[in-house]
Amino acid sequence: MLCFWAAALPLCVLFFFPWTLLSGDIRLLYRACMWGASTGVRLAGVKVRILGRERIDPARTYIYMSNHVSNLDPPLMLPLIPRRTSVMAKKELFGYPLLGRVMKIGSLVPVDRKNRDAGISAVRAAAEVIRRGISMTIYVEGKRSWDGRLLPFKKGPFYLAEECSVPVVPITISGTHYIMPKGRFSIKPGEVTVTFHPPIEPRDFGNRDGLIEQVRKSIDSALPEGQREYPSAEPTILPPGIDRREGTMPA
């Protein structure tokens with residue numbers, strides 16, 4: 001996967017980056033990056049099962065909120081989202097002249113992780129992106145989980161949802177914890193399931209705590225049984241090779 005991305009990088013730098021800078025249009029580079037991301041994931045031996053994507057209207061703008069357990073999550077999930085989506089990125093990356101300019105053209109939102117007060121500025125910047133009709137994708141835990149169970153949610157994405165009044169789509173990524181967990185560099189071939197849950201419309205938000213609970217329950221419902229926070233009466237099919245009692249891959 002990394003060799004493929006390294007081989008594709010010169011093409012991006014020599015062709016797609018200059019085109020984007022000259023035209024001010026990110027669409028060609030975005031499509032190339034999404035193709036490269038999904039191709040790299042397939043080359044790593046990862047098969048992706050997609051559930052519920054038919055619930056998404058490609059003509060609408062959404063805030064996608066997902067769990068996060070692996071470095072494999074972004075290149076695996078982002079190409080699956082209909083239309084272009086923006087994400088939040090480290091502020092330091094915007095300091096590189098070429099890369100920073102391209103990220104601004106792509107409407108990515110800078111986040112200063114060292115400054116807690118900067119979260120308000122990031123929410124405002126994300127709101128401006130959404131008002132331009134571009135969806136946002138956010139990992140609501142703010143960092144990767146060590147064991148696959150959900151961590152506490154950041155409140156910023158929910159302020160954003162209330163301010164912009166656009167539907168929220170909870171997404172569950174299940175399987176990357178076993179394929180490439182936090183702290184491990186190698187990837188084990190296997191299957192990952194990405195579940196798009198029914199959009200939560202602004203009229204159904206209720207108060208902020210109620211919306212957080214709705215999103216949390218939706219994401220939790222598609223996790224493997226051993227990682228769920230809420231009990232379920234329905235049997236859960238774990239990824240192949242997973243020990244239901246221990247929730248781990250056999251050696």
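Start by selecting helix H8, residues 208-221, in this predicted model. Helix H8 lies across strands E2 (63-66) and E7, and its direction makes an angle of about 30 degrees with E7.

Next, colour the strands. E7 belongs to an open sheet of six strands with mixed pairing, in the order E1-E8-E7-E2-E6-E3. Which strands form the edges? They are E1 and E3, each of which pairs on one side only.

Now zoom in on E7 (residues 168-174) and E8 (residues 190-196), which run antiparallel and are joined by four bridges. Select Ile171, and you will find Phe196 of E8 standing opposite.

From the sheet, move to helix H2, residues 27-43. Try the distance between its end C-alpha atoms: they are 24 Å apart, which agrees with the 24 Å expected for 17 residues at 1.5 Å a residue. Then show the buried residues of H2, among them Leu29, Tyr30, Met34 and Val41. What do the buried residues of H2 pack against? Their partners are helices H1 (2-23), H3 (73-77) and H4 (97-105), together with strands E1 (46-51) and E3 (85-86). Just after H2, stop at Gly45, where phi is positive, at about 85 degrees.

For the last stop, pick Arg131 in helix H5 (residues 118-131). Is Arg131 buried or partly exposed? Its relative accessible area is 48%, so Arg131 counts as partly exposed. Show side chains here, and you can follow a polar contact of 3.1 Å from Arg131 to Glu163. Finally, add Val166: this residue is 35 residues from Arg131 along the chain, and their C-alpha atoms are separated by 9.5 Å.

Notes:
Residues are numbered from 1 along each chain as its sequence is written. This is a predicted model: local features need pLDDT of at least 70, side-chain atom pairs count only at pLDDT 80 or more; totals for chains, interfaces and linings use all residues. Side-chain values use heavy atoms; hydrogens and water are left out. Helices (H or I, at least four residues) and strands (E, at least two) are DSSP runs, numbered from the N terminus. The expected span of a helix is 1.5 Å times one less than its number of residues. Buried means under 20% relative accessible area, exposed over 50%, partly exposed in between (1.4 Å probe, protein chains only). Contact means heavy atoms within 4.5 Å. A polar contact is a pair of N or O atoms within 3.5 Å; within protein, one must be able to donate a hydrogen and the other to accept it, and residues adjacent in sequence count only if both atoms are side-chain atoms. Two strands pair if DSSP finds at least two bridges between them. Axes are lines fitted to C-alpha atoms, for helices over the stretch in contact, and angles run from 0 to 180 degrees between N-to-C directions.
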